[in-house]
Structure formats: structure tokens, C-alpha cells
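Me: I'm new to this one and would like to know where its labels come from. Could you go through them with me?

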Amino acid sequence: MAQLPQFPREPISSPEQQHDRQMWRPEWTCFCCEDSGFIASSLMTLIVPDYRPNEDKLPLCQNCSAGNWVQGSSPGVSGTIDWRFKREICAELDRINREQWRITLRNQFEARQQALTKIQDLTQQMNLRKRDRTWQEIQKAEQDHQQVILEPDVDQAENPEGAV
């Protein structure tokens, strides 16, 4: 059996980006078509209330250049495209979707803040301490911790490796 070549990983984003991002946010240039070239189905219902994505022509976005490839395509492809929506309509759909994302991100942030507050409250309730440690108590606890780490393991000293 032939040996297949091995390739290194190619992550979508760097670990720094993954760490910095608490919440996913879109990086689209155009929020009307989400850089696909076609108006997002969720937005289409704002201008065509009974729009059916699996049955109706694909609505071409005029707000960005993502759909430019359609203009030079074959008649078979261009016959499936809905050209009615002008740049002004697409720009307004872009504005609406951007605002919806702002609201979604704000709601996610607030929900996370509320969850964090609840966790902190619960932790405080379950804590046997009725108050937070003072600075001196924190220092003493850290010193005690370091001392335990640096002390030799008593079990290891009594039973050296290999002894039974």
C-alpha cells in the first residue's frame, strides 16, 4: 500500500484569534448577501413576504461585487437569477442585518454577564467563608501552597522507587 503524503494543519483562525473572541461575529463585507452574492433568505422575507428559497429564483445582491460572476454566465444560469432588487434595496437590507447583528451581540454579551453574575453569586453562597480573603490571608495561603509544593513527598522518601 502506498504511503500518503503528510500535510501540516491549516487552522481557520490562529489560537490568538480563538482566544480573543468570546463570541462569534461575522466578518462579512456585505451583510445583505453575507458575501455569497445572493440576498440572504432571512432578509428576502422582508421584501417578498411569501419567498420560498427552494422554489423561487435566486435574488442577486447589488450591494457588493460578490455576485458579479453572474453577469457573464450562461443563459441557463442567468435564467435562475432574480435581478429586480436594486442597489438601494440591498443597501437597506445590509443596514437592517448589521443592526440585527449588533442587537444579537449585545444580547449575547448581556446574557453572558448575567450568567457570570449568577455563577459568582452561587459560588459566594456555597463558599464556607462568609467574606473574601484579605491581602494578608492571600499571601499566607500562597506561601503555604509553595511550601507544600517544595516539600519532598513523604511516601516517596519512605519507599524509594523500585522498593517493595
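Reply: Sure, let's take the labels one by one, setting each value against its definition.

Reply: Before that, some ground rules: this is a predicted model, where local features need pLDDT of at least 70, side-chain atom pairs count only at pLDDT 80 or more, and totals for chains, interfaces and linings use all residues. Residues are numbered from 1 along each chain as its sequence is written, and side-chain values use heavy atoms, with hydrogens and water left out.

Me: What is the mean pLDDT of the chain, and which element has the lowest?

Reply: The score is the predictor's confidence in each residue, from 0 to 100. The chain averages 82, and 80% of its residues reach 70 or more. Among the elements, helix 1 (residues 15–20) has the lowest mean at 55, while helix 2 (residues 41–47) has the highest at 92. Where pLDDT is low, the predicted coordinates should not be read in detail.

Me: How many helices and strands does the chain have, and what makes a run count as one?

Reply: They are DSSP runs numbered from the N terminus: H or I over at least four residues for a helix, E over at least two for a strand. That gives 6 helices and 2 strands, and along the sequence the pattern goes α-α-β-α-β-α-α-α.

Me: Why is Cys-30 called buried or exposed?

Reply: Buried means under 20% relative accessible area, exposed means over 50%, and partly exposed is in between (1.4 Å probe, protein chains only). Cys-30 has 0%, so it is buried. Cys-33, at 2%, also counts as buried. Over the chain's 164 residues, buried ones make up 18%.

Me: How many disulfides are there, and how do you know?

Reply: A disulfide needs a pair of cysteine sulfur atoms within 2.5 Å. The sulfur closest to that of Cys-30 belongs to Cys-61, 3.7 Å away, so that's too far for a bond. For Cys-33, the closest cysteine sulfur is in Cys-64 at 3.5 Å, and that is too far as well. By this rule the count comes to 0.

Me: What does Asp-94 touch, and is it buried or exposed?

Reply: Asp-94 sits in helix 4 (residues 87–126). Its relative accessible area is 9%, so it falls under the 20% limit and is buried. Contact means heavy atoms within 4.5 Å. Not counting residues up to four places away in sequence, Asp-94 touches Thr-29, Cys-30, Phe-31, Cys-32 and Asn-63.

Me: Where is Asn-63, and what is it in contact with?

Reply: Asn-63 is in the loop between strand 1 (58–59) and helix 3 (75–78). With 18% relative accessible area, Asn-63 is buried too. Leaving aside neighbours within four places in sequence, its contacts are Cys-30, Arg-87, Cys-90, Ala-91 and Asp-94. Glu-88 is 25 residues from Asn-63 along the chain, yet their C-alpha atoms are separated by 7.7 Å. For the whole chain, 56% of the contacts with a separation of 6 or more are between residues 24 or more positions apart.

Me: Why is the pair Arg-95 and Glu-92 called a salt bridge?

Reply: The rule asks for a side-chain nitrogen of Lys or Arg within 4 Å of a carboxyl oxygen of Asp or Glu. Arg-95 and Glu-92 come to 2.6 Å, N to O, so they qualify. They are 3 residues apart in helix 4, which means about one helical turn separates them. Arg-95 is partly exposed at 45%, and Glu-92 is partly exposed at 35%. Side chains of opposite charge can pair when their charged atoms come close.

Me: How many salt bridges does the structure hold, and which other pairs meet that way?

Reply: The structure holds 6. Among them is Asp-144 with Lys-140, whose closest N and O atoms are 3.0 Å apart. Both lie in helix 5 (residues 135–150), 4 residues apart, about one turn of the helix. Asp-144 is partly exposed at 32%, as is Lys-140 at 47%. Another is Glu-55 with Arg-52, at 3.3 Å from N to O. Glu-55 has 58% relative accessible area, so it passes the 50% mark and is exposed.
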